Amino acid sequence: MSIGTLHVLRNNHTWKYALLGGLMSIPLVIGDYWLSGMGHYFSINMVFFGGLIAGFLAKRDAANASKAAIGAGILGGLPGYIWIFPAMVRTWHSFATSWSSTIVATLVMTLAGVMMIGTGALGGFLGGLVGGWLANHS
């Protein structure tokens, strides 16, 4: 990364709000998991609130609210990705063994990972829509 690139990122308010919203939603995601009894249930619905915060702040600052909310959703879902990773490795091994193809198993697990990250991004995006609406009407 060049110094010019770092300067652009430092002045880019969209990324600042994405980081802020994502970091604020991580404790909410962990708290929701803890309150659920820490079983097989892990919801990333709490990334909605991180997206809401990011979208609200970005819209108030004339930054790109959608990008900030999506970034907050992806970052806010990080505990969920970490929690599910061992199960995905076991599933990959099971698929690779039963299908006798590590390539197909890798493709299926890659698709599942993209869908999982996309779910976090969608939750953040929906929160960003609400946050942007609140910023316009407050």
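Me: The expected span of a helix is 1.5 Å times one less than its number of residues. How many helices and how many strands does the secondary structure of the protein contain?

Reply: This is a predicted model, in which local features need pLDDT of at least 70, side-chain atom pairs count only at pLDDT 80 or more, and totals for chains, interfaces and linings use all residues. Residues are numbered from 1 along each chain as its sequence is written, and side-chain values use heavy atoms, with hydrogens and water left out. Helices (H or I, at least four residues) and strands (E, at least two) are DSSP runs, numbered from the N terminus. Along the sequence the protein reads α-α-α-α-α-α, and the count is six helices and zero strands.

Me: How far apart are the end C-alpha atoms of helix H6?

Reply: Helix H6 covers residues 102–136, which is 35 residues. At 1.5 Å a residue, H6 should therefore span 51 Å. The model agrees with this expectation, for the end C-alpha atoms of H6 are apart by 50 Å.

Me: Which helices are included in the cover over the buried residues of H6?

Reply: Buried stands for under 20% relative accessible area, exposed for over 50%, and partly exposed for values in between (1.4 Å probe, protein chains only). The buried residues of H6 include Ala105, Met109, Gly113, Gly120, Ala121 and Gly123; Gly127, Gly128, Gly131, Gly132 and Ala135 are also among them. Counting contact as heavy atoms within 4.5 Å, their cover includes helix H3 (47–60), helix H4 (65–76) and helix H5 (78–99).

Me: What does glycine 124 touch, not counting residues up to four places away in sequence?

Reply: Glycine 124 lies in helix H6 and is buried, with a relative accessible area of 0%. Glycine 124 and methionine 46 are 78 residues apart in sequence, yet 8.8 Å apart in space, C-alpha to C-alpha. Beyond four places in sequence, glycine 124 touches Val47, Gly51, Ala69, Ile70 and Gly73.

Me: Which residues accompany Ile117 in its nonpolar patch on the surface?

Reply: Isoleucine 117 sits in helix H6 and counts as partly exposed because its relative accessibility is 36%. Patches take residues with over 30% relative accessible area and no salt bridge (a side-chain nitrogen of Lys or Arg within 4 Å of a carboxyl oxygen of Asp or Glu); like charges are joined within 9 Å and nonpolar side chains (Val, Leu, Ile, Met, Phe, Trp, Tyr) within 5 Å. Accessible areas come from the Shrake-Rupley method with a 1.4 Å probe, and for residues only the protein chains shown count as cover. The patch has about 200 Å² of accessible area together, and the partners of Ile117 in it are Ile70 and Ile74.

Me: Which helix gives the largest share of the largest nonpolar core?

Reply: A nonpolar core is a set of buried Ala, Val, Leu, Ile, Met, Phe, Trp, Tyr and Cys residues joined through side-chain atoms within 4.5 Å. The largest one has seven residues: Tyr17, Ala54, Ala58, Ala63, Ala65, Ala68 and Ala72. At least two residues of this core come from each of H3 and H4. The largest share, three residues, is that of H4.

Me: Which helices are included in the cover over the buried residues of H4?

Reply: The 12 residues of H4 should span 16 Å at 1.5 Å a residue, which agrees with end C-alpha atoms 16 Å apart. Buried in H4 are Ala65, Ala68, Ala69, Gly71, Ala72, Gly73 and Gly76. Their cover includes H2, H3, H5 and H6.

Me: What is the phi of alanine 62?

Reply: Alanine 62 lies in the loop between H3 and H4 and counts as exposed because its relative accessibility is 72%. Most residues other than glycine have a negative phi. Alanine 62 is not a glycine, but its phi is positive, at about 60 degrees.

Me: Leaving aside neighbours within four places in sequence, which residues is threonine 14 in contact with?

Reply: Threonine 14 belongs to helix H2 (residues 13–35) and is buried, since its relative accessible area is 11%. Alanine 63, beyond its own neighbours within four places, is in contact with His13, Thr14, Tyr17 and Ala58. For threonine 14 the corresponding contacts are Ala63, Asn64, Lys67 and Ala68.

Me: What does tryptophan 92 touch, not counting residues up to four places away in sequence?

Reply: Tryptophan 92 is in helix H5 and counts as partly exposed because its relative accessibility is 29%. Its C-alpha is 8.1 Å from that of valine 108, with the two 16 residues apart in sequence. Tryptophan 92 touches Thr102, Ala105, Thr106 and Met109.

Me: What percentage of the area exposed by the protein do carbon and sulfur atoms supply?

Reply: Of the 138 residues, 34% count as buried. The protein exposes about 8400 Å², and the share supplied by carbon and sulfur atoms is 74%.
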